[in-house]
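User: I keep meeting words like "buried" and "salt bridge" and would like to see how they get decided. Could we go through some cases?

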Amino acid sequence: MRAFSALIDRLVYTASRNGKLELIVDYLRTTPDPDRGWAVAALTGALDFPAVKSASIRNLMTERVDPVLYALSRDYVGDSAETVSLLWPEPVGPREAEPGLDETVRILAAMTRASVAPDLPRLLDRLDANGRYAVIKLATGAMRIGVSARLAKVAFAQAFAVPVEDVEEYWHGQSPPYAALFAWAAHGAPAPSGELVPLFRPFMLAHPLEDIAVDLADYAAEWKWDGIRVQLVHAGGETRLYSRSGDNISHTFPEIAAALDFPAVLDGELLVRGAHQGGEQGGAASFNALQQRLGRKAVSKAMLADYPAFVRLYDALIIGGEDLRALPWSARRERLEALIEELDPQRFDLSGLIPAEDFAQLSEIRAGARDEAIEGVMLKRRDSPYVAGRRTGLWYKWKRDPLLVDCVLMYAQRGSGKRSSFYSDYTFGCWDGDPDAGAELLPVGKAYFGFTDEELKFLDRHVRNHTVNRFGPVRETDKSLVFEVAFDSVHENKRHKSGLAMRFPRINRIREDKPAHEADRIESLRSLIRD
Amino acid sequence: MMTASLSWIRAEPWGIHVVPADCWIDPARPVERALITHGHADHARGGHGETVATPETLAIMDLRYNTRDGAVAAHYGETMALGGGVSATWLPAGHVLGSAQILLEHVGERVVVTGDFKRRPDPTCAPFAVTPCDVLITEATFGLPVFLHPPVEEEVGKLLIARDANPDRCVLVGAYALGKAQRVIAELRRAGYHDPIWLHGALERMCRLYEELGVELGELRLVADARKDELRGAVVLCPPSALSDRWSRRLPDPLTAMASGWMRVRQRARQRGVELPLIISDHADWQELTQTIEDIDPAQTWVTHGREEALLRWCQLRQRQARALALVGYEDEDD
Ligand SMILES: [Zn+2]
Ligand SMILES: [Zn+2]
C-alpha cells in the first residue's frame, strides 16, 4: 500500500504529463504482481466498490470528530477524502500491519453496505494519512489525478518496451488485475488471445489534408459522415459495439449489437435514420438526432422507434475469423462489398465512394455538398493496410468549412448574469506535439457559446466532477473532454503561449466519444493560418 | 482562578491596547509606544515613537526598516514597568529568533500575549515557556484539526532523499526569509548535511544576521556566484515568491519544494506548483494550540488571528470561555 499511496501522492504534485508518465513507468517496473495490476485499474477508474459511498465515510468521520470541526475542515481543505484522511484519529495502541494493495482491494471488494461501518474504520486504522487518502480515493472511485486510460497504457507500453497498439488491443479482453497482460509484457508469456472475446482493435485514423492535392489513382474518396465512429465486433457468440475511445456502448444501441451474428470486426459510422434525409446515400439524419441516443444507459421502445440507428460501414478488419488488416484497402473494400449483401439492410449500409474523375472535380463535388450529415471528404490510399493510429500518407480527412479543430477543455470559469451559477466560459487547448511522447496542452482559445442549455448543464456538471485544481474563480479540469471548436480564422499572436489566436471561436460540438490524446495539435491549427 | 474584569486591556482591529500604560502590542499602524513580539512583517512595523522588543527582534527590525531610533531592549525573563501600574515580562515564544510572549500584569490580573509561537524544539531559537495566566491571547494560524505538523526530521529526510534521487537536478526550497530559511538550514545541518547550501540573494542578509547573533548555519553560498554545474545535486533556498519567477530558470532543472505548514493540504501545495511539499512550520499546529490552552488553563482565551472559528468551537465543547479578536493585517509573511 505504501508504494501505491506514494505514487498517488507524487502524481498529485506532478503537473506535466511526461512527469506523470515517468512515475507510472517506474512504479510498474518496480512493483510486484498483482499490486501493479490493481494500481493500473485504480488509476484508470476500472475498479468499483459499490458498497462504499462518500456519505457513509462522512458519517464514520462525524462519529469520531465533532461535525462542526469536520465541516470547517472540509471547507478549508476543499476535498472530503483528503479531509477525512487528515482528521481520522490515530488508533490507540500499536497499529496493525499495513495491508498491501492486493489485500486492500480484496477487503474493499468484500464489503457490503452493512459491513462498511465496522470494516472500513478497521482498514483506515491500519494506514497513515497518505494511505488513508489513497484508500478513500480508491474506494469511492474518484482519483482525478489527471491520469487517463490512455496515459496508463502508454506507461505500460514504455515500462515493458512493447508497442502501445498491442497493449490497446490486448487490454480490452482483460479485467483487473490484468494478470495475462503482465504475464505477456513483463514475463514473456504468449499474448492474450482475443479469438473468443469480442475485443476492441485500435482504430485507423486520418490526418487532416492541408494544402495538398492527391492523385485519385492512388486514393479513393468517400464522404466523411457526421455521426460517431464505431467498431462492431462479434466473437465467442457475443457482439459488442465500441466507440472511438474503446468504450463498450452496446447497451446504448442494442438493435445494432443484435444485428451481427457471425465472427467479424467492422469499422463504420453510427448514424440515425430520421427526418433529415438526403444526400447521395440517403437515410442519415443530422448529428443532433444521434445525440438523442448517446450516453443513455437504458433505451426505451420509443427511442428505438423514433431514432432507429444503423451503421454505415467503410472497412472490415476481420471477417469470419480471417484477419484482413494486412491486405490493401482495395481488397478489404471488395470483401466488405460482398459482405454487405448478407447483412440486415435496416441496420447496415455501405459508405459509397465518390465518383470523381480527378482531384479538381472532387473539390467541386465537396464544395457542392449540402447534406447536413456530411462533414467533409475522406481520402484513403488504395494500397493501405489497416494500421492502428494515424500514419502519414495513408488516410486523410478533408473537412468542410467552417474551420474546425478538436480541442481539450482545460479551464472553466463561471459566467455572468443568469449564467453566474454555471461554469460556462471555457478555455481549451491543443497538444504541442505527440501526446504519447510527453507533449503538453497549450491553451489556444476561449469560448462561451455555441452550446445548448442542455449541453451547458452537462458541461457544468463535467467541470464540477472533473476539477483537479482551483485558482480563485477558475477551475482547472482533468483535461479529458474534447470539444470540436468552430472558428472563422486563426492568426499568429505572440501574447499566447501557443503563439496563436482564434477569431470567433465557438463550441461546435462536445465530443464525448473522442479521447483527449486524439485532439488536434498546435501544428494543425497553425497550418490553418491564412494571412 | 478569579474571573478577570480586564477593562484595562482592549483589542482594537489594529492591535492590542494596554490602556493604563497607553502602549500597543504588534500594532498595524504607527503609535507612540509599541511592544513587538517578533520580527515578522505582519507583527513588526516601522514608524513607532518607541519600540520595545528583544535585542534579536530589534536587530531584525533594524535590518529591515532601519528603526534604530526609540529602540528599547527587553531580555527574556526581564520585567519592566510600563507605567499606569502595568508591568511587562518578556518570555520566549519558540517561533523565530528573538520571538517573545509578553506577560502583562495589572491589579493582580495576568494576561499572556503569545504572539506567534510553537512548542516544538527549534535549533535557531529559545523554547516556548508555559506561563500561567488569567487571559491567554493566542494566535490560531493553524487552528484546524487537519493541521498536524509531522516531526521535522521526517520532512528534512524527504528533502535529502529527493536530493539523492536527483543527482542531475537541484532541490529548490521555498522558505520565508525570516525564521523558516534558517531553521531549514539548521535542521539540515542537524541531520548531518554539511555540503554548502545555496541561497537566493534575498535570504543572505537575514542568514548573516542569525550567524552574528550566534546561530551557526554552516557554509552558505550565493546562487549568483555559482557555476550552473555546481548546483547539480545541491540544495538551494529562495523566498517562496521566487519559486516560479524567472530567477529560477538559471538553476539546473529544479525540483520545487516548499517548507510551510500549509503543505499539509494538497490543494495549497498544488496552487503553488510544488512538487515536494515539506510540512515544516514555525507555528503551533492544532495539537500544540489545544495542548497549550490545557497546559495554561486560563479563565479566558482570546484568539488574535488565524482560523479562530474552529479553536473557539473546541473551547466551547470543553466549556472554556473564548472569544475572537478579529485583528486585521496579520498573517501575511510567515507560515
Ligand atoms: Zn510570525
Ligand atoms: Zn503572525
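Analyst: Sure, here are some labels and the reasoning behind them, for what is a predicted model.

User: Let's start with the metal. What makes B:His43 and B:Asp116 donors of the zinc ion (ligand 2)?

Analyst: Distance. A donor is an N, O or S atom within 2.8 Å of the metal. The NE2 of B:His43 and the OD of B:Asp116 lie 2.2 to 2.3 Å from the zinc ion (ligand 2), so both make the cut. B:Asp116 also bridges to the zinc ion (ligand 1), and the two ions lie 3.8 Å apart. As for where they sit, B:His43 is in the loop between strand 4 and strand 5 of chain B, while B:Asp116 is in the loop between strand 10 and strand 11, so the pair ties together parts that are 73 residues apart in sequence. Both B:His43 and B:Asp116 are buried.

User: How do you know that B:His283 is buried, and what about B:Leu148?

Analyst: Compare each value with the cut-offs: buried means under 20% relative accessible area, and exposed means over 50%. B:His283 comes in at 1%, so it is buried. B:Leu148 has 33%, which falls in between, so the label is partly exposed. B:His283 is in the loop between strand 17 and helix 6 of chain B, and B:Leu148 is in the loop between strand 11 and helix 2. Leaving out residues up to four places away in sequence, B:Leu148 touches B:Arg264, B:Asp285 and B:Gln287.

User: Why is A:Lys514 called buried?

Analyst: Its relative accessible area is 5%, and the limit is under 20%, so the label fits. A:Lys514 belongs to the loop between strand 21 and helix 19 of chain A. Apart from neighbours within four places in sequence, A:Lys514 is in contact with A:Arg244, A:Lys397, A:Asp406 and A:Val482.

User: What makes the pair of A:Lys514 and A:Asp406 a polar contact?

Analyst: The atoms must be N or O and within 3.5 Å, one able to donate a hydrogen and the other to accept it. The side chains of A:Lys514 and A:Asp406 are joined at 2.5 Å, so they pass on distance. B:His283 and B:Glu139 pass too, because their side chains have a polar contact of 2.8 Å.

User: How do you know that B:Arg266 and A:Glu82 form a salt bridge?

Analyst: The rule wants a side-chain nitrogen of Lys or Arg within 4 Å of a carboxyl oxygen of Asp or Glu. Here the closest N and O atoms are 3.6 Å apart, so the pair counts. This one crosses between chains, from helix 5 of chain B to helix 6 of chain A. Both B:Arg266 and A:Glu82 are buried.

User: What makes B:Arg119 and B:Asp295 a salt bridge?

Analyst: Again, distance: their closest N and O atoms are 3.1 Å apart, so they meet the 4 Å rule. B:Arg119 is in the loop between strand 10 and strand 11 of chain B and B:Asp295 is in helix 6, 176 residues apart. B:Arg119 has a relative accessible area of 29% and is therefore partly exposed. B:Asp295, at 36%, also counts as partly exposed.

User: How many salt bridges are found across the interface of chain A and chain B?

Analyst: The rule finds 3 there, and a search of the whole structure gives 63 over all chains. B:Arg313 and A:Asp66 also meet in a salt bridge, at 2.7 Å from N to O.

User: How many residues does each chain bring to the contact?

Analyst: Chain A brings 19 residues and chain B brings 23. Together the chains bury about 2,200 Å², 57% of it on carbon and sulfur atoms. A:Tyr13, A:Tyr76 and A:Leu86 supply 35% of the area that chain A buries against chain B, more than any other three residues.

User: What makes helix 3 of chain B "mostly covered"?

Analyst: The tally: 10 of its 11 residues are buried. Among them are B:Val184, B:Ile185 and B:Leu188. The buried residues of helix 3 pack against several elements of chain B, including helix 2, helix 4 and strand 16. Following helix 3 comes B:Gly192, which has a positive phi near 95°.

Methods:
Residues numbered from 1 in each chain as written. Chains lettered and ligands numbered in written order. Predicted model: local features only at pLDDT ≥ 70, side-chain atom pairs only at ≥ 80, totals over all residues. Heavy atoms only, no water. Donors = N, O, S within 2.8 Å, 3.2 Å for Na, K, Ca; no water. Helix = DSSP H or I, 4+ residues; strand = E, 2+ residues; numbered from the N terminus. Buried < 20%, exposed > 50% of the residue type's maximum accessible area, 1.4 Å probe, protein only. Contact = heavy atoms within 4.5 Å. Buried area = accessible area lost by both parts, 1.4 Å probe.
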